[in-house]
Protein chains: 4
Amino acid sequence: MFIIQGSAREGGNTELLTERLTQGIEVETVRLREYDITPIVDERHTAEGFQPVEDDMKELVEAMLNHDTLVLATPLYWYGMSGQMKLFIDRWSQCLRDHSLQFKERMQGKRVYVVIVGGPNAKVTALALVQQFKHICEFMGMTLEGYIIGRGTKPGEVLHDAEAIAAAQVLNANWRQAADE
Amino acid sequence: MFIIQGSAREGGNTELLTERLTQGIEVETVRLREYDITPIVDERHTAEGFQPVEDDMKELVEAMLNHDTLVLATPLYWYGMSGQMKLFIDRWSQCLRDHSLQFKERMQGKRVYVVIVGGPNAKVTALALVQQFKHICEFMGMTLEGYIIGRGTKPGEVLHDAEAIAAAQVLNANWRQAADE
Amino acid sequence: MFIIQGSAREGGNTELLTERLTQGIEVETVRLREYDITPIVDERHTAEGFQPVEDDMKELVEAMLNHDTLVLATPLYWYGMSGQMKLFIDRWSQCLRDHSLQFKERMQGKRVYVVIVGGPNAKVTALALVQQFKHICEFMGMTLEGYIIGRGTKPGEVLHDAEAIAAAQVLNANWRQAADE
Amino acid sequence: MFIIQGSAREGGNTELLTERLTQGIEVETVRLREYDITPIVDERHTAEGFQPVEDDMKELVEAMLNHDTLVLATPLYWYGMSGQMKLFIDRWSQCLRDHSLQFKERMQGKRVYVVIVGGPNAKVTALALVQQFKHICEFMGMTLEGYIIGRGTKPGEVLHDAEAIAAAQVLNANWRQAADE
């Protein structure tokens with residue numbers, strides 16, 4: 001299981017909820033804020049196509065491609081995913097044209113879970129973002145298996161969102177059970 | 001009227017549709033790809049709060065604050081706004097805490113128009129993004145006055161989307177008429 | 001082309017916009033308010049399955065199945081389609097189990113257009129309904145080809161929504177051109 | 001607490017999940033399928049306005065108005081609420097114009113919870129319906145306090161949706177605790 005952590009803050013609510021979700025499960029986590037990801041330059045229609053970029057994107061993508069299950073975790077920033085996560089996903093357009101990666105072939109079929117943490121109204125205001133992730137999954141041939149929307153603004157607050165914690169525990173138990181079988 | 005152009009490509013479909021929309025109208029345009037905007041570091045809950053950042057954000061924000069009408073123009077990248085535009089808007093969280101800007105006071109009441117250009121299914125797949133802009137406007141006390149969803153992938157293709165062009169012309173005519181009154 | 005008119009009011013804004021859309025085109029129109037459609041009784045899981053219902057449903061469905069293009073026209077009532085239209089669509093669950101109809105086989109591939117007329121904010125508040133129609137089309141294997149959201153509350157008001165009228169004219173011209181070819 | 005049950009089937013999944021949610025709590029439940037509710041005739045713009053209708057609507061509305069908390073429970077039919085529930089809510093337009101009811105004054109401030117049960121993908125495909133309920137609540141000045149989306153098609157299946165059951169238990173515990181205080 002591969003955790004793509006889009007939070008801009010260490011130990012923030014999004015990380016706390018993701019930890020609850022993945023307790024006792026072997027995961028590989030990348031915190032996007034610790035990597036250098038350049039905004040995409042749209043060269044789809046230039047004669048030369050996309051030019052190689054010197055940053056950490058390839059390393060991240062190759063790690064991601066080795067897993068069957070992805071957890072996309074992001075705070076709800078302005079009713080969308082964090083800018084860092086958006087920069088990462090925008091670059092998938094370039095990955096799709098890098099034949100050495102076989103990006104689409106290796107992404108399709110992956111199981112995706114989404115973790116979003118926002119303010120008190122996030123259970124409603126995050127729905128457009130869930131829909132966006134659904135579109136992304138459909139485009140890539142991945143399945144959006146589930147999502148959890150947590151509520152928390154001050155540090156640690158999400159741990160008091162009993163509904164989100166319960167949902168995390170249910171998913172966690174399902175995963176552990178599947179791992180045992 | 002202030003055009004915030006989120007396109008990553010010069011002369012791309014998003015720019016073409018925006019030009020049609022604003023033909024003959026006095027506008028100030030910023031192309032976000034020409035500016036340096038640093039991803040937000042979430043320091044809302046640190047003792048010192050947000051630290052000053054050396055980039056072009058303040059210049060952009062001060063230009064924006066001088067206008068009553070904003071056009072947010074973005075290609076539909078992965079069913080959301082472009083990463084560049086997301087970086088820009090994410091930083092509004094920092095602006096909200098910079099008392100010298102009076103950000104919220106000066107943003108509220110602004111009239112917002114949204115231009116989105118995506119692929120052939122964009123009229124449906126862009127709806128989550130429209131909803132996101134609606135939430136953003138509500139949070140800032142701005143009014144989402146209208147939006148246009150254009151369809152075009154290859155360079156220039158959006159000019160053949162008769163429905164989008166017609167919508168642009170109607171809005172353009174309304175604006176010119178209002179300017180004459 | 002088959003117009004399913006969900007408006008509860010004769011000559012209302014939804015009918016006016018639909019007329020503009022279909023001017024000069026041969027259509028068959030059913031006004032759902034003139035038919036008797038019984039709410040579905042969910043008998044999917046009873047031993048006997050769905051029982052025959054004495055109302056106008058079968059007549060409507062057989063007319064609908066003879067067309068390749070459907071226009072679903074409804075006022076925006078409480079941010080959804082009208083109750084009459086919902087009663088009609090709910091009964092499709094029963095049609096799906098009536099083998100004499102070959103409902104799914106004959107519905108799939110149909111081209112669907114949606115017309116919605118609501119209040120001044122309808123361009124945003126009707127988006128959930130557009131999404132719902134998209135889901136319905138996907139489930140039935142139909143394609144949602146386009147939609148128009150008009151704004152109008154008082155009788156005739158939608159005719160002053162220049163954007164909606166322009167969109168209707170563009171679609172109308174496309175249809176006429178296709179018919180000439 | 002007032003339960004408005006929109007299910008068309010006795011003992012179906014929507015009722016089962018609602019029972020779990022409200023276990024041990026004093027509630028008044030109306031099953032809309034047991035009442036006669038006439039589709040609205042839109043007479044907003046006629047000289048005489050809405051004409052009185054002989055059905056069970058007034059009885060239902062008066063019962064509803066006596067409660068501070070509403071639970072709107074519906075199966076997901078065609079990605080929306082059931083037709084019966086839509087007929088009921090459509091008639092609120094008439095209630096708004098019946099001055100004897102003081103409908104808006106008495107509805108505003110109510111706390112609303114939504115229960116939706118659909119098929120295996122309901123956690124995503126029901127989101128447009130959640131958004132619709134959000135719009136309805138905003139229009140009426142009510143607060144959408146929470147929602148649960150359950151998955152179940154065959155009778156009893158929703159009881160195996162551990163995530164939905166956990167969410168129901170959390171809300172139930174919150175309500176009981178609030179009642180004890």
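Q: How many salt bridges does the rule find across the interface of chain B and chain A?
A: Zero. A salt bridge here is a side-chain nitrogen of Lys or Arg within 4 Å of a carboxyl oxygen of Asp or Glu. Keep in mind that this is a predicted model: local features need pLDDT of at least 70, side-chain atom pairs count only at pLDDT 80 or more, and totals for chains, interfaces and linings use all residues. Residues are numbered from 1 along each chain as its sequence is written, chains are lettered from A, and side-chain values use heavy atoms, without hydrogens and water.

Q: And how many residue pairs are in polar contact between chain B and chain A?
A: 12, with both residues at pLDDT 80 or more. A polar contact is a pair of N or O atoms within 3.5 Å; within protein, one must be able to donate a hydrogen and the other to accept it, and residues adjacent in sequence count only if both atoms are side-chain atoms.

Q: Which elements give two or more residues to the chain B side?
A: α3 (83-90), α4 (92-95) and α7 (127-140) of chain B. Helices are DSSP runs of H or I with at least four residues, strands are E runs of at least two, and both are numbered from the N terminus. α7(B) gives the most, with seven residues.

Q: What area is buried between chain B and chain A?
A: About 2,900 Å², with carbon and sulfur atoms giving 65%. That is the accessible area (1.4 Å probe) that the two parts lose on being put together, summed over both.

Q: Which residues of chain B lose the most area to chain A?
A: B:H45, B:W78 and B:Y79, together 27% of what that side buries.

Q: What superposes chain B on chain A?
A: A rotation of 180° with 0.0 Å of shift along its axis, RMSD 0.0 Å. That is the relation of a two-fold axis. The fit is by least squares on the C-alpha atoms of residues with pLDDT of at least 70 in both copies.

Q: New topic. Is A:T69 buried or exposed?
A: Buried, because its relative accessibility is 14%. The cut-offs are under 20% for buried, over 50% for exposed and partly exposed in between (1.4 Å probe, protein chains only).

Q: What does A:T69 touch?
A: A:M1, A:F2, A:R111 and A:Y113, leaving out residues up to four places away in sequence. Contact means heavy atoms within 4.5 Å. A:T69 sits in strand β3 (residues 69-75) of chain A.

Q: How many residues of helix α1 of chain D are buried?
A: Eight of its 10. Among them are D:L16, D:L17 and D:L21. The cover includes β3 (69-75) and α8 (162-180) of chain D.
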